[in-house]
Amino acid sequence: MALTEEQKERIKQNRERALRIKKERMERLAKEKEDADKKRKLNQGGGGGGREGETLQAATIGNEGVVSTNNKKQKLLEAGKKQQQQQEEKDDLELEEFEVGASEWITKSEAMKIYCVPQGTLAVCQVEERPNPHHASWKPMKLYLRSQVRQKGRKRFGGLEGLVEERNKRRQKQLEKDMAKARSIFE
């Protein structure tokens, strides 16, 4: 059975579209990775011993010659957020036993189980798509950056102790549920 010219043209267009989408995705992932690397380098190398005001740029002058304070406020907010991130990163240095030597990336189900975070929280975390290891034609596997998920989980439950307490509480609840189910089987 031979293909018509119209079918051949449609196949060609679909192939070109698929290749364009793949190229755009790869470029986006490369840019996100580059941005993450830059951010990581800034967080590791930044901090110096200068005064707070030295990192801020001077306010810009608008068209009418009026000094814009919005830019200054924005820079102050960014500096405050950066300090908060640095403090949170210091808090994250304390790893649990299972995290030592673990992969930098974590699956969605592991993230929800280990760090007790809901799907909505994972939606704002950095994600990397990789080919599905079970079957190549299935949807790509989504992996989340473990450090971000850890940070969100600890922030949600008030630090490492709160997260461990919540995890144990959920395990206990699941155990009780399983025991009730087992009892009902033998009754």
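Here are three short exercises on a predicted model, each with a worked solution.

**Exercise 1.** Work out how the strands of the open sheet are ordered, and which of them stand at the edges.

*Solution.* Start with the order: the 3 strands run E1-E3-E2, and the pairing is antiparallel. Next, look for partners. Strand E1 (105-107) and strand E2 (127-130) each have a single partner strand, so one side of each has no neighbour in the sheet, and these are the edges. From one strand to the next, the twist averages 40°. Now zoom in on one pair: 4 bridges join E2 to strand E3 (residues 141-145). Pick Val127, and you'll find its bridge partner in E3 is Tyr144.

**Exercise 2.** Check whether the span of helix H5 agrees or disagrees with its number of residues.

*Solution.* H5 covers residues 146-157, which makes 12 residues. At 1.5 Å a residue, they should span 16 Å. Now take the end C-alpha atoms: they're 17 Å apart, which agrees. Step just past the helix and you meet Gly158, with a positive phi of about 80°.

**Exercise 3.** Find the buried residues of H5 and say how they're placed around the axis.

*Solution.* First, list them, taking buried as under 20% relative accessible area: Arg146, Val149, Arg150, Gly153 and Arg154. These residues cover an arc of only 130° around the axis, which puts them on the same side of H5. Why does such spacing work? An α-helix has 3.6 residues a turn, so residues three or four places apart point the same way. Finally, place the helix: H5 lies across E1 and E3, and runs at about 65° to E3.

Conventions. Residues are numbered from 1 along each chain as its sequence is written. This is a predicted model: local features need pLDDT of at least 70, side-chain atom pairs count only at pLDDT 80 or more; totals for chains, interfaces and linings use all residues. Side-chain values use heavy atoms; hydrogens and water are left out. Helices (H or I, at least four residues) and strands (E, at least two) are DSSP runs, numbered from the N terminus. The expected span of a helix is 1.5 Å times one less than its number of residues. Buried means under 20% relative accessible area, exposed over 50%, partly exposed in between (1.4 Å probe, protein chains only). The arc is that of the directions from the helix axis to the C-beta atoms. Two strands pair if DSSP finds at least two bridges between them. Axes are lines fitted to C-alpha atoms, for helices over the stretch in contact, and angles run from 0 to 180 degrees between N-to-C directions. Contact means heavy atoms within 4.5 Å.
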